[in-house]
Amino acid sequence: MSLKLETAESSTEWRFTWESQSHIPTLRLFLFNSSTTPSTQCHNLTVHLSLPHSLLLLTWTADAAVVSLCVPMPRVLLDDESPVSFKALDDHIEVKLALLLPVDHSIVLNFESLLSLGEMRLDEDEDNGSKPLSVDSDVKSLSSRGEVHFYCRSCSYKLTASPLSTFVEMPSVNWREVADNWFGNCCCSFGEVSEKLVAGYANSYTSKMGVCLVSATNITLCKDDLVKCEFPDSGVCEKRDNESDTSGECGPNDSELAPGSNVGCNEIPKSENKEKHVDANYKSDATEEEDENQGVLHRCSESDCSVSESTKEQNGVGCDDIESHAQNYDGECCSHHLSESSSEQNTEILKNHKYLLNGYLENIFMVRSSNLSVDVEWVEYFCPHCLSLLGAYPCDNGGRLIDGGVRWFKCNIGTSLPVGGTRDIFRKYTLERMFANQLLECAKDQLSYRTVVRDLKLKSPMLHIVLINTNSWSGTGHCLATQGNTKPVPKIDLHPVIKVLFSECSSSTEAQLRMLEDSVTKDVVEEVFMLTNQIEELIKSLSARRDTLPPSYSSLEGLSLSSMPM
């Protein structure tokens with residue numbers, strides 16, 4: 001009986017996935033085909049390593065045919081003295097190789113540079129996303145360019161009217177939680193001093209013309225720096241060299257936006273801003289203080305400055321004395337003396353930015369429930385040329401722009417042409433990588449590995465995701481035939497991924513949704529909020545990556561198994 005050799009076309013039906021775990025010197029191969037049952041159809045299975053060609057050769061007989069496949073191997077340090085372990089299972093063939101060093105070892109990660117194989121390979125390493133995402137690195141790279149334009153990743157349309165040259169790193173999401181430590185045990189750490197310092201710190205990150213604020217997931221630009229961003233009759237952002245207003249405020253109450261568009265409405269007169277946009281409680285307190293102090297606003301803490309006029313006359317102690325005492329320790333941050341104009345300005349600042357003080361100052365890509373504000377509505381911002389989603393901007397309940405800043409997600413924009421090229425600083429950012437990194441950060445902070453992702457506007461659950469493995473490295477592709485194959489052997493790199501279980505809430509039953517909501521109430525499941533478009537894209541990506549492993553690995557406890565690159 002003659003045997004025929006399988007063709008190159010049939011070999012591509014076989015898919016492979018290399019997988020390894022951090023700190024474990026073992027490399028596993030999953031080889032599978034939906035139309036083949038290896039345990040009963042793959043006879044006389046043999047596995048051979050071809051190290052000079054970086055290939056793994058597999059051969060077996062099935063239905064009077066010889067099947068011979070080639071699997072490209074990733075860059076690893078193999079232990080050639082250890083035997084190759086393999087077995088044919090119901091839905092896949094599994095091969096295990098012993099390594100000299102784990103795949104995340106520094107020697108392996110810098111293997112090419114240690115061998116001095118040239119700079120070209122190092123550039124490729126940056127392109128394939130093997131290096132972690134870093135805000136500090138982004139700020140340094142952007143600043144080193146001098147002047148930078150931003151482009152739509154979908155259509156390469158130039159989004160900025162003029163190049164930006166000033167780039168500022170935004171603080172972390174939980175910066176407000178450590179604000180009380182800024183004074184330490186200073187004797188002047190009383191009442192309003194800390195509040196004023198926090199407000200001043202927040203206002204230092206207000207949108208300004210020519211300034212780009214950079215965070216882990218997005219950048220914030222002043223609306224006046226954008227092209228075809230129509231805000232008819234709106235106020236303009238403050239210029240950097242404008243010294244008449246030290247707040248750095250970027251027209252926070254100057255525009256009124258139409259929901260779902262990048263369009264604003266008429267400017268609100270400045271005389272009306274104070275009446276309409278100053279917090280009611282704060283304004284009431286300020287008005288009382290102004291009446292008592294004849295236009296000079298002091299707003300001292302009750303414990304330190306609640307001194308009557310008669311007491312001050314008798315004892316000679318009052319807010320001014322405490323002010324003078326505080327100034328001896330800190331000439332600026334501890335100062336309580338404000339002119340009437342600066343007091344009004346500070347009042348407006350606190351109102352306009354109080355929504356942004358608690359987490360919104362930095363991250364709109366993934367909003368935690370603790371940072372959510374019912375007073376802020378995020379309106380999606382689209383590319384004026386191709387209408388693809390770029391980011392969002394914050395409005396109050398009246399539809400007015402809060403701070404004049406537009407947030408763009410790094411995964412939706414580029415910093416140079418061609419977009420995605422080697423000079424594009426944001427080329428490493430994808431929706432999946434950004435989500436995976438934010439999910440890990442949230443899990444570390446909240447000590448919860450179960451998360452429900454809700455729609456930012458409707459607050460309805462859309463995705464349930466469970467983090468099960470944060471130490472995986474993976475690479476996947478299709479097999480090659482040993483005969484009749486003219487294609488070059490593809491290069492396979494292992495990338496860090498997170499393993500997750502997920503389910504789309506729209507397909508869940510009412511009972512499952514009730515259980516999920518009950519888990520959220522009991523703080524068993526953490527909840528985060530994202531834009532609808534991004535959640536839908538994440539679900540598509542997670543569903544597509546289910547095929548990287550055999551069917552026996554596709555689900556667990558009613559949830560689908562998938563992975564996301566880090």
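Biologist: Among contacts in the protein between residues at least 6 apart in sequence, what share joins residues at least 24 apart?

Modeller: First, this is a predicted model, where local features need pLDDT of at least 70, side-chain atom pairs count only at pLDDT 80 or more, and totals for chains, interfaces and linings use all residues. Residues are numbered from 1 along each chain as its sequence is written, and side-chain values use heavy atoms, with hydrogens and water left out. A contact means heavy atoms within 4.5 Å. Taking contacts between residues at least 6 apart, the share joining residues at least 24 apart is 67%.

Biologist: How many of the strands form the open sheet with S10 in it?

Modeller: Strands here are DSSP runs of E, at least two residues long, and helices are runs of H or I, at least four, numbered from the N terminus. Two strands pair if DSSP finds at least two bridges between them. The pairing in this sheet is mixed, and the order is S10-S11-S12-S16-S15-S14, so to speak a row of six.

Biologist: Which strands stand at the edges?

Modeller: An edge strand here has a single partner strand, so one side of it is left without a neighbour in the sheet. That describes S10 (166-169) and S14 (377-382).

Biologist: In S16, which residue is the bridge partner of Ala-392?

Modeller: S15 (residues 389-395) and S16 (residues 405-409) pair in the antiparallel sense over two bridges. In S16, the partner of Ala-392 is Arg-407.

Biologist: What percentage of the residues count as buried?

Modeller: Buried means under 20% relative accessible area, with a 1.4 Å probe and protein chains only. Of the 566 residues, the buried share is 49%.

Technical notes
Buried means under 20% relative accessible area, exposed over 50%, partly exposed in between (1.4 Å probe, protein chains only).
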